[in-house]
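Colleague: Before I use this model, I would like to go through the terms in its description. Please give the value behind each one.

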Amino acid sequence: MTSGYFDHNATTPLDPRVRDAMLPWMGESFGNPSSVHRFGRQAREAVEAARDRVAELLGVEPLEIVFTASGTEANNAVVDSCCRRGDEHLVLSTIEHPSVEAAAARLEAAGRTVDRVAPRPDGVVDAGAFAAALGERTALACLMLAHNELGTIQPVAEVAAACHQRSVPLLCDAVQAAGKIELDANRIGADFLVIGAHKFYGPLGAGAVAVRRGRELHPLLIGGGQERQRRAGTPNVAAIVGLGEACRLAGEELVERQAKLAELRDRFEVGLAGIPGAVVHCVTAPRLPNTSHIAFPGVSAEALLIRLDMAGFAVSTGSACSSGKVKVGGALGALGLDAEEARGSLRVSFGTTNDAAEVDALLAAMAEAVSVLRPSNGTPAAASPGSGSA
């Protein structure tokens, strides 16, 4: 049952068609793809068929695809691969996924120089500002394609052009974008493009990075020659098959999915007009069709999330709150949110299993919860730049 689930940017339910493709490799079909006998050959054929499907979705050659266990592993591997000399300079946005930010911070603690570029108040990084941070010693630049909380789409192609002029490799975390917007690696221009299966109806534990021809990916995991010496370890055949099938379906159904997701998101945001003080963030920026980042100033997002959960609805507080502490940094800080609005911020992310009736039910539950939680003498704060009052 997925009714009431509005947290698809955290993970998506497994598509039954993906599950069906995986099931044989969790039972009667088995084998180590590195083995030369028929069991190994059959497994290897399944892995390579999946590689073809991933490559087709991303618009690259199959030889450029490296399978990983997650987007996090892929991001870590790229950062580690590009920064092995000990004197590197890195440039990244302040809204990168923690798997990129933490890897950069670890290198920074070891003596590397790291420059971070904050987004504008609309949640989008300025390509010119990012390009200005590049230098002669820059060994890697990192800019995600779509932000996991705000849903804002970043100008990766423009940044990639600036990087290429300086021969700087660019890592693009496209995990949130896969299955929601078109992924054409040539148009995007990144040297490393990362996806994760569970964000678009594939299995947990499967990811991939497309490595542009001419770029190297030194293995983060060593001890075997798998993935053409770029990632050691016996492949998880079932998960890789699931990733391949998820990619096939995403490519075939992208236009239909985009239309449905945008319709649900827009219905939700229009409906927020019935909840006094509701604020929708980043409405002026290009966004994913399924993501709405909102705030209810004067209301605790954690308390609202709990009430919604009790009513049967799953949403997310994003990074606004952690262990009871309010953090106004990264994406939320860039929007100019104060502590009150950050404390009241929620992410609602729609999926193909949602429908209009569920959206209306969520709005009704949200209105009731907000009316209970908002202080009787509280006045909603003014909307921040890049936001829209519903």
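The exchange below takes the terms one at a time.

Modeller: One caution before we start: this is a predicted model.

Colleague: Why are S1 and S3 said to stand at the edges of the sheet?

Modeller: The open sheet has seven strands in the order S1-S7-S6-S5-S4-S2-S3, with mixed pairing. Strand S1 (65-68) and strand S3 (113-117) each have a single partner strand, so one side of each is left without a neighbour in the sheet. From one strand to the next, the twist averages 20 degrees.

Colleague: What makes S6 and S7 a pair?

Modeller: Pairing requires at least two bridges. Five bridges join strand S6 (residues 192-196) to strand S7 (residues 207-211), and these strands run antiparallel. They therefore meet the criterion for a pair. As one example, Val194 has Val209 in S7 as its bridge partner.

Colleague: Which strands does helix H3 touch, and what is its direction relative to S6?

Modeller: Helix H3 (residues 71-82) packs on the sheet and touches S1, strand S2 (89-93), strand S4 (138-142), strand S5 (170-173), S6 and S7. Its direction makes about 160 degrees with that of S6. Angles over 145 degrees count as roughly antiparallel, so H3 and S6 fall in that class.

Colleague: Which residues touch the most other members of the largest nonpolar core?

Modeller: That core has 72 residues, and those with the most contacts to other members are Leu58, Leu145, Ile195, Phe200 and Leu243. Helix H9 (residues 237-271) gives the most to this core, with 10 residues. Leaving out residues up to four places away in sequence, Phe200 touches Thr12, Leu57, Ala178, Gly179, Ile195, Leu243, Ala246, Cys247, Ala250 and Arg257. Another core, of 26 residues, lies apart from the largest one and includes Ala278, Val348, Val359 and Leu362.

Colleague: Why are H9 and H13 called roughly parallel?

Modeller: The axes of H9 and helix H13 (residues 356-373) cross at roughly 30 degrees and come within 10 Å. The limit for roughly parallel is under 35 degrees, so the term applies to H9 and H13. The crossing is right-handed. On the H9 side, Leu264, Arg267, Phe268 and Gly271 meet Ala356, Val359, Asp360, Leu362, Leu363 and Met366 in H13.

Colleague: How do you know whether Leu337 is buried or exposed?

Modeller: Leu337 has 5% relative accessibility. Buried means under 20%, so Leu337 counts as buried. Leu337 is found in the loop between helix H11 (330-334) and helix H12 (339-343). Its C-alpha atom is separated by 9.8 Å from that of Ala295, 42 residues apart along the chain.

Conventions: Residues numbered from 1 in each chain as written. Predicted model: local features only at pLDDT ≥ 70, side-chain atom pairs only at ≥ 80, totals over all residues. Heavy atoms only, no water. Helix = DSSP H or I, 4+ residues; strand = E, 2+ residues; numbered from the N terminus. Axes fitted to C-alpha atoms, helices over the stretch in contact; angles between N-to-C directions. Contact = heavy atoms within 4.5 Å. Core = buried A, V, L, I, M, F, W, Y, C linked by side-chain atoms within 4.5 Å. Buried < 20%, exposed > 50% of the residue type's maximum accessible area, 1.4 Å probe, protein only. Parallel < 35°, antiparallel > 145°, perpendicular 65-115°, else oblique. Left-handed = near helix turned anticlockwise from the far one by under 90°.
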